Amino acid sequence: MPVTVVRFNLVEPGAGRASLAARYRAALEMAAYADEHGITTVQTEEHHGADNNWLPSPFAFAGAVFGATRNIAVTVSAVIGPLHDPLRLAEEIAVLDLLSGGRLVTVAGIGYRPEEYALFGVDWKRRGRLQDELLDTLLKAWTGEEFEYRGRAVRLTPRPYTDPHPLLLVGGSSEAAARRAARFGLPFFPSAHLPELEAYYKERLAEYGTEGWTMMPAAETPLLHLAEDPDRAWAEYGGHFLHEARTYASWQSGQIRSAVRSTASTVAELRAEGVYRILTPAECVALGADSLVLHPLAGGMPVEEGWRSLRLFAERVLPELGG
């Protein structure tokens, strides 16, 4: 049985308040439906100040998902660590871990958009040091013991549910990120299929005398949408995928490596590229992938079309996979 993921970033370009509120409610209903049908994970993420209303508060969304579900995990991939107050983030994750019974997975990255740092008045050039401080603070805070933070003694309560601490991974596509994960003895989450970076991480684990593991995307990790007629779906809804792809492309410099990186400028190019795929249920089953990432509300997709995709996945794909 592959890992099954439903991804939400709640993008809706030009949305009014009522429309966006309806999208948020639909995402929670979809998460509950996914949970009932045995889907493994809800994945969400963090971006700020985006014109298309990209979700800026993944932990608030995660809390709502936990309230609507019983078993499904929520992966925040990724939180932009340096934009957060370390003590407050430690408390927030601890509370979510308790509320969910250990279902929260946090991937800590440093982001790739200087404008997000400018928005919050955080120095882009200090992002590495700030990330180090954040990880160090989280790990110390979750012990429940007193520790020194910025020259003063602090102690946070309550302790998280998960022992020794909530699942925390270091994300990124650079050697600096791999070194950071190894130094803290944390799992590493490369943002793309990067075997050479995984090898580098393992070398650094040996160097630092720490232990860890890698959660790395497969060589192909397409974002999926299910439809009975993919040609028609591409014609009607391909623009939503293209909007998201072009948004990502506008944010990512040439040094950023991502599993969802696209260079397409038209719907036809996007379809040929394969980063986003619209499949029939039978085609989805035939993929034989270790993980399947469904993206039902991609790029402002109409909610009713998102529901059609999710129901096809739950009712026609999962049973064939043993779910």
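This report walks through a predicted model, from its helix α1 to its cores, its loops and its cavity.

## Helix α1 and its surroundings

Let's start with helix α1, which covers residues 17-36. With 20 residues at 1.5 Å a residue, α1 should span 28 Å, and the 29 Å between its end C-alpha atoms agrees with that. Just after the helix comes Gly-38, with a positive phi near 85°.

Which residues of α1 are buried? They are Leu-20, Arg-23, Ala-26, Ala-27, Met-30, Ala-31, Ala-32, Tyr-33, Ala-34 and Asp-35. You will notice that Arg-23 and Asp-35 are on that list. The cover over these buried residues includes the strands β1 (3-7) and β2 (41-44), along with the helices α2 (58-68) and α11 (303-321).

## A closer look at Thr-41

Strand β2, part of that cover, holds Thr-41. Thr-41 counts as buried because its relative accessible area is 9%, under the 20% cut-off.

What does Thr-41 touch, leaving out residues up to four places away in sequence? Its contacts are Thr-4, Val-5, Val-6, Ile-72, Ala-73 and Thr-75. Val-74 is 33 residues from Thr-41 in sequence, yet the two C-alpha atoms are 5.6 Å apart in space.

## The nonpolar cores

In soluble globular proteins, nonpolar side chains tend to be buried together. Here the largest nonpolar core has 66 residues, and Phe-8 and Phe-313 have the most contacts inside it. Helix α11 gives the most to this core, with eight residues.

Phe-313 is worth a look on your screen. Setting aside neighbours within four places in sequence, Phe-313 is in contact with Thr-4, Ile-39, Leu-226, Cys-284, Leu-292, Leu-294 and Leu-318. Thr-4 is thus a partner of Phe-313 and also touches Thr-41. Apart from the largest core lies another, of 23 residues, including Val-11, Leu-223, Val-275 and Ile-278.

## Backbone features in the loops

Two residues other than glycine have a positive phi in the loops described here. Leu-10, in the loop between β1 and α1, has a phi of about 60°. Asn-53, in the loop between β2 and α2, has a phi near 70°. Are these residues buried or partly exposed? Leu-10 is buried, because its relative accessibility is 1%, whereas Asn-53 is partly exposed at 24%.

The loop between β6 (152-154) and β7 (167-172) holds Pro-158, and Pro-164 has its place there too. A cis peptide bond joins Thr-157 to Pro-158, with omega about 0°. The bond from Asp-163 to Pro-164 is also cis, with omega near 5°.

## The cavity

How many cavities of 30 Å³ or more are there? The count comes to one. The largest cavity holds about 40 Å³ of space.

Its lining is made up of Ala-90, Glu-91, Ala-94, Ala-141, Trp-142, Leu-156, Thr-157, Pro-158 and Pro-160. Thr-157 and Pro-158, the pair joined by a cis peptide bond, are thus both part of this lining. Helix α3 (residues 86-100) gives the most to the lining, with three residues. By class, the lining has seven nonpolar residues, one polar and one charged.

Technical notes:
Residues are numbered from 1 along each chain as its sequence is written. This is a predicted model: local features need pLDDT of at least 70, side-chain atom pairs count only at pLDDT 80 or more; totals for chains, interfaces and linings use all residues. Side-chain values use heavy atoms; hydrogens and water are left out. On a 1 Å grid over the protein atoms alone, a cavity is a set of points where a 1.4 Å probe fits but cannot get out, and a pocket is an open set with protein on both sides within 12 Å along at least five of seven lines; lining residues have an atom within 4 Å of a point. Grid points are joined across faces, edges and corners, and a volume is the space filled by probe spheres set on the points. Helices (H or I, at least four residues) and strands (E, at least two) are DSSP runs, numbered from the N terminus. Ala, Val, Leu, Ile, Met, Phe, Trp, Tyr, Cys and Pro count as nonpolar, Asp, Glu, Lys and Arg as charged, and the others, Gly among them, as polar. The expected span of a helix is 1.5 Å times one less than its number of residues. Buried means under 20% relative accessible area, exposed over 50%, partly exposed in between (1.4 Å probe, protein chains only). Contact means heavy atoms within 4.5 Å. A nonpolar core is a set of buried Ala, Val, Leu, Ile, Met, Phe, Trp, Tyr and Cys residues joined through side-chain atoms within 4.5 Å.
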